[in-house]
Amino acid sequence: MSRKSVALVGLDPFKIDFSDPAYAQFAHLDADKTQAGLDQDVDRLNALGYDAELVLTESSLEVAVSDVTKALKRKEWDCVLIGAGVRAIPKNFLLFETLVNLVHEFAPQAKICFNSKPDDSAQAVERWMKL
């Protein structure tokens, strides 16, 4: 049996300005802590039997569309998670909407889920995927 593929789509934490008031709810985080949480969830998902990969981009719509489209076309995904840094930040609303539509277009078979912080992606995936 092949492993279910999971793309964890989000903003590259090293391209986020955590001092920006728009990211106030994540003020307790920085790029290193965020990346550590993301890496931990990839490891957790892989240990649970998934084939999980990070797909990190930036908030520029043009760059994000290019990065995420390439990743979604690269293989067939069983599940795509869109991170809270995109979903929960009002100024990223158009980016969030665009990413959902990219998933719909390029991975229509995939379950879509959302995390609420960098280290709860495994729980979000498990809500929708059963091995």
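1. In this predicted model, helices α2 and α4 are roughly parallel to each other. The reason lies in the angle between them: α2 (residues 61–74) and α4 (residues 93–106) pack at about 25°, and angles under 35 degrees count as roughly parallel. Their axes are 10 Å apart, and the crossing of the two helices is right-handed.

2. The contact between these helices can be followed residue by residue. From α2, the participants are Leu61, Ala64, Val65, Val68, Thr69, Leu72 and Lys73; from α4, they are Leu94, Leu95, Thr98, Leu99, Leu102, Val103 and Phe106. By character, the residues of this contact comprise 11 nonpolar, 2 polar and 1 charged.

3. The strands deserve attention next. An open sheet is formed by 4 strands in the order β2-β1-β3-β4, with parallel pairing. Its edge strands are β2 (51–57) and β4 (111–114), each of which pairs on one side only. On average, neighbouring strands of the sheet are turned by 20° against each other, direction ignored.

4. Strand β3 (residues 79–82) is joined to β4 by 4 bridges, and the two strands run parallel. Within this pairing, Val80 has Ile112 of β4 as its bridge partner, while Leu81 is partnered in β4 by Cys113. A further 4 bridges join β1 to β3, again in parallel; here Val9 has Ile82 of β3 as its bridge partner.

5. Is β3 covered on one face or on both? Both faces are covered. Cys79 and Leu81 are buried on one side, and Val80 and Ile82 are buried on the other.

6. The helices of the opening point can now be placed against the sheet. Helix α2 lies across β1 (5–11), β2 and β3, and runs at about 160° to β2. Helix α4 lies across β1, β3 and β4, and runs at about 175° to β3.

7. Another helix pair is formed by α1 (residues 31–47) and α5 (residues 121–128), whose axes come within 8 Å and cross at roughly 40°. That angle makes α1 oblique to α5. Asp41, Arg44 and Leu45 of α1 meet Ser121, Ala122, Gln123 and Val125 of α5. The residues of this contact divide into 3 nonpolar, 2 polar and 2 charged.

8. Ser121, in helix α5, merits a separate remark. Its relative accessible area is 1%, and Ser121 is therefore buried. Apart from neighbours within four places in sequence, Ser121 is in contact with Leu8, Asp41, Leu81 and Asn115. Among these partners, Asp41 belongs to the α1 side of the helix contact described above, and Leu81 is one of the buried residues of β3.

9. A last residue to consider is Phe26, found in the loop between β1 and α1. Is Phe26 buried or exposed? With a relative accessible area of 9%, Phe26 is buried, since buried means under 20%. Setting aside neighbours within four places in sequence, Phe26 is in contact with Phe18, Ala84, Gly85, Ile89 and Ser116. As for Gly85, this residue stands 59 residues from Phe26 in sequence, yet the C-alpha to C-alpha separation is 8.5 Å.

Technical notes. Residues are numbered from 1 along each chain as its sequence is written. This is a predicted model: local features need pLDDT of at least 70, side-chain atom pairs count only at pLDDT 80 or more; totals for chains, interfaces and linings use all residues. Side-chain values use heavy atoms; hydrogens and water are left out. Axes are lines fitted to C-alpha atoms, for helices over the stretch in contact, and angles run from 0 to 180 degrees between N-to-C directions. Angles under 35 degrees count as roughly parallel, over 145 as roughly antiparallel, 65 to 115 as roughly perpendicular and the rest as oblique. A crossing is left-handed if the near helix is turned anticlockwise from the far one by less than a right angle, and right-handed if clockwise. Contact means heavy atoms within 4.5 Å. Ala, Val, Leu, Ile, Met, Phe, Trp, Tyr, Cys and Pro count as nonpolar, Asp, Glu, Lys and Arg as charged, and the others, Gly among them, as polar. Two strands pair if DSSP finds at least two bridges between them. Buried means under 20% relative accessible area, exposed over 50%, partly exposed in between (1.4 Å probe, protein chains only).
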